[in-house]
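User: Please take a close look at the buried interior of this structure, one part at a time. I am a first-year student, so I would like each step spelled out.

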Amino acid sequence: MTSFAPDSIVLNRKLPLWYQVSQSLRASILGRSPQDPLRLPTEEQLAEHYGVSVLTMRQALKELEDEGLISRHRRRGTFIEPGVRRGAPVRLLGSVDAIVAQQSGMTTELLDHARVPVPPDLAEHFPDLTEVAAYHRLRGDEKTGEPTNHAVNHVRPELAARIDPADLLRWPMTKVLRDFVGADISRITDTVEARLADPETARLLQVPLLSPILHYTGITYDGGGRVLDVAVIHYRGDRFSFTVTLEAT
């Protein structure tokens, strides 16, 4: 039987290995195509794929099993749950793969993309530019079709020139920039605040005007401190939670 083929990952030795593996595998599962097989490789095969011990792999799989993304059956193997509810909270420990995992797993509609003048409130992030490429996407629950968030990514034009818009229908911008464009992503700074839905946001998310929403801003930097992308996302307040876990070292 053919097994599902997860993405690879470059491990950061400063973060727990099981956590990085679980989030990378989670993103692969949530971003899979419908025709992809549901059976996962064996623990030993996955451990070799990620370059970790079987014990580390087992801990990563337990994390996904506890979340309900996979089920494990003695003598039969480990399988992706086909009807799992997507968009569950994830723990963010500082890994870019955690951001990818958090953004994965919803149906996505690319509303439009074009070069636009740098918005005044983002000018400080792009001091050397007069234009950025703006990508508007509407994400929704794959079962109900209900919209869950509206995202606008503001990307440096030289990077946008190498983006295939079709990739944004399946993968979050962070993954497209890192894995397909080859951008050097060093860190991402997240800010989440409560706001009230303006008329356009209320229309897109199908909620009453002035409903509570979560306003997320994610700023992606390269190794030299240059901003590559500023993501502004409006989440329905009743469909999203943001959890950050800090672990003592």
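Analyst: Both Tyr 216 and Tyr 235 are buried. This is a predicted model, in which the mean pLDDT over the protein is 86 and 87% of the residues score at least 70. Confidence is lowest in strand 3 (residues 91-92), with a mean of 52, and highest in helix 5 (residues 157-160), with 97. Where pLDDT is low, the predicted coordinates should not be read in detail.

The two tyrosines belong to a short list, since the whole structure holds 2 aromatic pairs. One is made by Trp 18 and Tyr 19, whose centres are 6.1 Å apart with 85° between the planes, an edge-to-face arrangement. Trp 18 has a relative accessible area of 14%, so it counts as buried, the limit being under 20%. Tyr 19 is buried as well, at 0%. In the other pair, the ring centres of Tyr 216 and Tyr 235 are 6.4 Å apart and the planes stand at 85°; because edge-to-face requires over 60 degrees, this pair is edge-to-face too. It joins distant parts of the chain: Tyr 216 sits in strand 8 (residues 212-221) and Tyr 235 in strand 9 (residues 227-236), 19 residues apart.

Next comes helix 1. Gln 20 is part of this helix, which covers residues 17-30. Its relative accessibility is 2%, so Gln 20 is buried even though its name may not suggest a nonpolar side chain to you. Beyond its neighbours within four places in sequence, Gln 20 contacts Ile 9, Val 10, Leu 11, Asn 12 and Leu 15.

Helix 3 (residues 54-67) can be checked for length. Its 14 residues, at 1.5 Å a residue, should span 20 Å, and the end C-alpha atoms are indeed 20 Å apart, so the two values agree. Its buried residues are Thr 56, Met 57, Ala 60, Leu 61 and Leu 64. Because they cover an arc of only 135° around the axis, they lie on the same side of helix 3. That buried set packs against helix 1, helix 2 (43-50) and strand 1 (70-73). The face turned away from the buried side carries Leu 55 and Asp 66, both exposed. Just past the end of helix 3, Gly 68 has a positive phi of about 90°.

These helices meet again in the largest nonpolar core, which has 19 residues; Leu 25, Tyr 50 and Met 57 touch the most other members. Helix 1, helix 2 and helix 3 are the elements that each give two or more residues to this core. Leaving out residues up to four places away in sequence, Leu 25 touches Pro 6, Leu 40, Tyr 50, Met 57, Leu 61 and Leu 64. Another core, of 15 residues, lies apart from this one and includes Ala 160, Met 173, Val 181 and Ala 183.

Met 173 belongs to helix 6 (residues 173-181). With a relative accessible area of 1%, Met 173 is buried. Its C-alpha atom is 9.4 Å from that of Ile 163, and the two residues are 10 apart along the chain.

How values were computed
Residues are numbered from 1 along each chain as its sequence is written. This is a predicted model: local features need pLDDT of at least 70, side-chain atom pairs count only at pLDDT 80 or more; totals for chains, interfaces and linings use all residues. Side-chain values use heavy atoms; hydrogens and water are left out. Helices (H or I, at least four residues) and strands (E, at least two) are DSSP runs, numbered from the N terminus. Buried means under 20% relative accessible area, exposed over 50%, partly exposed in between (1.4 Å probe, protein chains only). Contact means heavy atoms within 4.5 Å. pLDDT is the predictor's confidence in each residue, from 0 to 100. The expected span of a helix is 1.5 Å times one less than its number of residues. The arc is that of the directions from the helix axis to the C-beta atoms. A nonpolar core is a set of buried Ala, Val, Leu, Ile, Met, Phe, Trp, Tyr and Cys residues joined through side-chain atoms within 4.5 Å. Rings of Phe, Tyr and Trp (its six-membered ring) pair if their centres lie within 6.5 Å; planes under 30 degrees apart count as stacked, over 60 as edge-to-face and the rest as tilted.
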